Amino acid sequence: MTILEQTYTLSNGVEIPKLGLGTWFIDDDKAAESVRAAIEIGYRGIDTAQAYGNERGVGEGVRTSGVARDELFVSTKLAAEIKDYDAAVAAIDESLAKLDVGYVDLMLIHAPQPWDDFRGGDYAEGNRQAWKALEAAHHAGKIRAIGVSNFLQADVENILNDGAVAPHANQILVHAGNTPSELIDYCQEKGILVQAYSPIAHGEILDNAEVKAIAEKYGVSVPQLCIRYTLQLDTVSLPKTANPEHMRSNAQVDFEISEADMDALRDLNDRNYGDSSAFPVYSGK
């Protein structure tokens, strides 16, 4: 069984592919083609967000892929700026309409703060309101699973203490060089599946000499090593690419990283994101 056929099981019994396609920075008019290519290669998990501006294209790709809807897992995210129940309800319905794939498999709150105040003010009540809207859509059968993204432990606890449904997933920045082990352990102890976005550090990890040396030891590319690393952390890996050759290569991760090398990658500190440091998810603000 290849990695593209393997799944994790969320706390509510819903199965989610271990390896998915991230679609950040794929333009809406190119998204359908990219999604169709990924599905043809064998991907069954597709991740998008309101903030990506490509839900319409992603939905078109899913609908025209030739693969049955119930064989695919489509995730999207509620915009980080929405911290109000009514606005969240409207935005959820807007995503459902844009995607036009019948239902969403997983929807997340994109961040605990708006992007222009990331890791800033206190939005606990706003997150509780947004969560109530996700719970309502989940209860109505519009969304099969609900979760959060970029949430730290205190942000998750805010939802756990107030919500009727515990988050099924937390999508966070995880890659060799940036492994938030305590947060991963906390989520896993609470039955919350961690999804790793930017497992290749937005491409910046490609030049890390230590990572390159470990990859050479296994006869694999740096991206393959980095994807395998996140999988062995028991997280969903979500590499982003619009290139079909990269999609194929990213799925060729049928090897095992030793415990010693896992420790070395886990202990690595490399948070140099180059020009991408301007994005809050990389700068932390």
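**Note on the predicted model**

1. S276 sits in the loop that joins α10 (259–267) to α11 (280–283). The model is a predicted one. The relative accessible area of S276 is 9%, which is under the 20% cut-off, so S276 is buried. Setting aside neighbours within four places in sequence, the contacts of S276 are H202 and Y282.

2. The UniProt record, in an unreviewed entry, lists residues 18–269 as "domain: NADP-dependent oxidoreductase". Over residues 18–269, helix accounts for 44% of the chain and strand for 15%. The C-alpha atoms at the two ends of this range are 25 Å apart.

3. Helix α1 covers residues 28–41, 14 residues in total. From first C-alpha to last it reaches 20 Å, close to the 20 Å expected at 1.5 Å a residue. After α1 comes G42, which has a positive phi, near 130°.

4. Which residues of α1 are buried? They are A31, A32, S34, V35, A37, A38 and I39. The elements covering the buried residues of α1 include the strands β3 (21–22) and β4 (45–47), together with the helices α2 (55–63) and α9 (244–250).

5. Helix α2, one of the elements covering α1, also packs against another helix, α3 (residues 85–99), in the sense that the two axes come within 7 Å. The axes cross at roughly 45°. This angle falls neither under 35 degrees nor in the range 65 to 115, so α2 is oblique to α3.

6. On the α2 side, the contact with α3 is made by E55, R56, V58, G59 and R63. On the α3 side, S95, K98 and L99 take part. By residue class, the contact of α2 with α3 holds 4 charged, 2 polar and 2 nonpolar residues.

7. H110 carries the feature "binding site" in the UniProt record, again from an unreviewed entry. H110 is placed in the loop between β6 (104–109) and α4 (124–139).

8. Is H110 buried or exposed in the model? With a relative accessible area of 7%, under the 20% limit, H110 counts as buried because of that low value. Leaving aside neighbours within four places in sequence, H110 is in contact with A49, A51, Y52, K77, L78, A79, A80, W115, S149 and N150.

Conventions
Residues are numbered from 1 along each chain as its sequence is written. This is a predicted model: local features need pLDDT of at least 70, side-chain atom pairs count only at pLDDT 80 or more; totals for chains, interfaces and linings use all residues. Side-chain values use heavy atoms; hydrogens and water are left out. Helices (H or I, at least four residues) and strands (E, at least two) are DSSP runs, numbered from the N terminus. Buried means under 20% relative accessible area, exposed over 50%, partly exposed in between (1.4 Å probe, protein chains only). Contact means heavy atoms within 4.5 Å. The expected span of a helix is 1.5 Å times one less than its number of residues. UniProt positions are given in the numbering used here, feature names are shortened, and annotations may be inferred rather than shown by experiment. Axes are lines fitted to C-alpha atoms, for helices over the stretch in contact, and angles run from 0 to 180 degrees between N-to-C directions. Angles under 35 degrees count as roughly parallel, over 145 as roughly antiparallel, 65 to 115 as roughly perpendicular and the rest as oblique. Ala, Val, Leu, Ile, Met, Phe, Trp, Tyr, Cys and Pro count as nonpolar, Asp, Glu, Lys and Arg as charged, and the others, Gly among them, as polar.
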